[in-house]
Amino acid sequence: MADLARSVAVPRSSEEIFAEVSAAAVELIPGVDAAGVLLITKGGKFESHGATSALPHELDELQHTLQEGPCMSAALQDLVVRTDDFRSETRWPAYSAAAAEIGVLSGLSYRLYTSARTAGALNLFGVQPKTWSPEEVTTGSVLAAHAAAAVVAHWQGAQLESALLSRDRIGQAKGIIMERFDVDDVRAFEMMRKLSQDGNTPLVDIAQQVIDTRG
């Protein structure tokens, strides 16, 4: 677990993070035979990531088709969803019957995060019925927390990089306008801002247009 914590602290893609956490779940939690992450976009699109086998993707597709299941519940509603035996599960009757039919009998699902654009869950599956112990449920929660923290850090880093790039572009464009029209930096920025407002165009796009027309 400590090795995983150190690994997710290193900047990497969200796909790598999901794959590492899924693999750790299979290794660390008895009874977990497959694991993966389900993301549900605001438009309702299902995306499977970091799966240890084809099984999580198959189950994600099944839930998308039936519009019910533990992974959906974890991503959109509950923090932790536990199923000891899908053969006797009544919360999602159609999904539970289908999961049992393909050989998945138990599972744990954990909400990773919910944002304005995407909801996510870490999903663990077993091919045998399983009475999940408090320790096993807690281990899954810790793994989900690692994944969520690492992905948020990854997104924040990407947002910061984008913000810095936008700032540099705007500064460069402002310098071009100052030179071209012999105005100060305040006036140059106001000129770009007016173009942005009049054309309903992001300021950074206006800046890029100025840069592209230089010379």
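1. In this predicted model, the buried residues of helix α5 pack against three other elements, namely helix α3 (55–66), helix α4 (70–76) and strand β5 (118–126). The residues in question are Y95, S96 and A99, which are the buried residues of a helix that runs through residues 93–101. They cover an arc of only 100° around the helix axis, and therefore they sit on the same side of α5.

2. The face of α5 that is turned away from this buried side should be looked at as well, since it carries the exposed residues P93 and E101. Following the helix, the chain comes to G103, a residue whose phi is positive, near 100°.

3. Helix α7 can be read in a similar way, beginning with its length. The helix has 15 residues, from 185 to 199, and at 1.5 Å a residue these should span 21 Å; because the C-alpha atoms at its ends are 21 Å apart, the model agrees with that expectation.

4. Which residues of α7 are buried? They are A188, M192 and S196, and, seen down the axis of the helix, the buried residues fall within an arc of 75°, so they line one face of α7. The face turned away from that buried side carries V186, K194, Q197 and D198, which are exposed.

5. Both ends of α7 deserve a remark. At the N-terminal end, D184 acts as a cap, with a side-chain oxygen lying 3.3 Å from the backbone nitrogen of V186, a residue that also belongs to the exposed face described above. Just after the helix, N200 takes a positive phi of about 50°.

6. Turning to the strands, β1 (residues 34–41) contains I40. Is this residue buried or exposed? Its relative accessibility is 6%, and because a residue counts as buried when that value is under 20%, I40 is classed as buried. I40 also illustrates how folding relates sequence to space, for I40 and M72 are 32 residues apart in sequence while their C-alpha atoms are 8.2 Å apart.

7. Strand β1 runs antiparallel to strand β2 (residues 46–49), and four bridges join the two. For a specific example the student may look at L39, whose bridge partner in β2 is E47. The two strands form a hairpin with four residues between them, and in the turn G44 has a positive phi of about 90°. When viewing strands it may help to remember that, in a regular strand, the side chains alternate between the two faces of the sheet.

Terms used. Residues numbered from 1 in each chain as written. Predicted model: local features only at pLDDT ≥ 70, side-chain atom pairs only at ≥ 80, totals over all residues. Heavy atoms only, no water. Expected span 1.5 Å × (residues − 1). Buried < 20%, exposed > 50% of the residue type's maximum accessible area, 1.4 Å probe, protein only. Arc of directions from axis to C-beta. Polar contact = N/O pair within 3.5 Å; in protein donor to acceptor, adjacent residues only side chain to side chain. Pairing = 2+ DSSP bridges. Contact = heavy atoms within 4.5 Å.
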